[in-house]
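Subject: Handover of a protein structure

Dear colleague,

Please find below the structure that I am handing over to you. I should be grateful if you would keep it open while you read the notes beneath it.

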Amino acid sequence: MIAGVAYTVPVTIEPETVGDFGYDSVHFNVEVTTPDGATLQLLATDDTGTYDVAQIGYWGPENGFPIDANYSATTEFTAIFSAAGEYTITFSLVDLESDETLVTETVAITVEAAPKLK
């Protein structure tokens, strides 16, 4: 990946990752680590607007959203890395009623500096 370039990061929740029953109120917690002084924009859009979930810390309505046992969906985030270095993005699906983390996935990403134009 190259610093300053927008990349699509699809995140999919499927039935085998959330168990055999549904949940009344969940959302994605999002945690990022960046090199010193760097930023990561992690943008997601719904019918109310576009949000930087790296800054907010979660994706979904503040009070969560329900999922049933057969829930399957992919959310496409747009990632923009400000500088070269090592980044991590951790997505966790959290049951807001019990504060239980249902699924966690961490992605490590190495970002290269943009090529210098001659």
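The notes that follow go from the whole chain to its sheet, its core and a few single residues.

**The protein as a whole**

Please bear in mind throughout that this is a predicted model. The protein contains two helices and nine strands. Read from the N terminus, the order of these elements is β-α-β-β-β-α-β-β-β-β-β. Along the principal axes, the C-alpha atoms occupy a box of roughly 55 × 25 × 20 Å.

The protein has 118 residues, of which 33% are buried. Its exposed surface comes to about 7100 Å², and carbon and sulfur atoms supply 49% of that area. Among contacts with a separation of 6 or more, 74% are between residues 24 or more positions apart.

**The open sheet**

In which order do the four strands of the open sheet stand? The order is β1-β7-β3-β4, and the pairing is antiparallel. β1 and β4 are at the edges, and each has a single partner strand, so one side of each has no neighbour in the sheet. On average, neighbouring strands of this sheet are turned by 30 degrees against each other, direction ignored. As general background, the strands of a sheet pair through backbone hydrogen bonds, either parallel or antiparallel.

Strand β3 is a useful place to study this pairing in detail. With β4, which covers residues 49-52, β3 shares four bridges, and the two strands run antiparallel. Within this pair, Ala44 has Tyr51 of β4 as its bridge partner. β3 and β4 form a hairpin, with two residues between them. β3 is also joined to β7 by four bridges, again in an antiparallel arrangement. Here Leu40 has Phe81 of β7 as its bridge partner.

**The nonpolar core**

In soluble globular proteins, nonpolar side chains tend to be buried together. The largest nonpolar core in this model has 27 residues, and Leu42 and Phe77 are those with the most contacts inside it. At least two residues of this core come from each of β1 (6-13), β2 (23-33), β3 (40-46), α2 (53-56), β6 (65-67), β7 (73-81), β8 (85-95) and β9 (100-111).

Which residues does Phe77 touch, if those up to four places away in sequence are not counted? They are Tyr7, Thr8, Val9, Val11, Leu42, Leu43, Ala44, Val53, Trp59 and Phe91. Leu42, the other residue named above for its contacts in the core, is therefore also a direct contact of Phe77.

**Two polar residues in β8**

Thr90 is located in strand β8, and Ser92 lies in that strand too. Is Thr90 buried or exposed? Its relative accessible area is 18%, so Thr90 is buried, the limit for this class being under 20%. Ser92 counts as buried as well, because its relative accessibility is 11%.

Each of these side chains has a polar partner. The side chain of Thr90 makes a polar contact of 2.9 Å with the side chain of Thr106, while the side chains of Ser92 and Thr104 are joined by a polar contact of 3.2 Å. Apart from neighbours within four places in sequence, Thr90 is in contact with Asn29, Val30, Glu31, Thr104, Glu105 and Thr106. With the same neighbours set aside, Ser92 is in contact with His27, Phe28, Asn29, Thr101, Val103 and Thr104.

**Phe65 and Gly37**

Phe65 lies in strand β6. With a relative accessible area of 16%, Phe65 is buried. Residues up to four places away in sequence aside, Phe65 touches Asp24, Ser25, Val26, His27, Trp59, Gly60 and Tyr71. The C-alpha atoms of Phe65 and Asp95 are 9.6 Å apart in space, although 30 residues separate the two in sequence.

Gly37 is in the loop between β2 and β3. Where a residue counts as exposed over 50%, Gly37 is exposed because its relative accessible area is 82%. Its C-alpha atom is separated by 9.0 Å from that of Ser82, and the two residues are 45 residues apart along the chain.

Yours sincerely,

A colleague

Methods: Residues are numbered from 1 along each chain as its sequence is written. This is a predicted model: local features need pLDDT of at least 70, side-chain atom pairs count only at pLDDT 80 or more; totals for chains, interfaces and linings use all residues. Side-chain values use heavy atoms; hydrogens and water are left out. A nonpolar core is a set of buried Ala, Val, Leu, Ile, Met, Phe, Trp, Tyr and Cys residues joined through side-chain atoms within 4.5 Å. Buried means under 20% relative accessible area, exposed over 50%, partly exposed in between (1.4 Å probe, protein chains only). Contact means heavy atoms within 4.5 Å. A polar contact is a pair of N or O atoms within 3.5 Å; within protein, one must be able to donate a hydrogen and the other to accept it, and residues adjacent in sequence count only if both atoms are side-chain atoms. Accessible areas come from the Shrake-Rupley method with a 1.4 Å probe; for residues, only the protein chains shown count as cover. Two strands pair if DSSP finds at least two bridges between them. Axes are lines fitted to C-alpha atoms, for helices over the stretch in contact, and angles run from 0 to 180 degrees between N-to-C directions.
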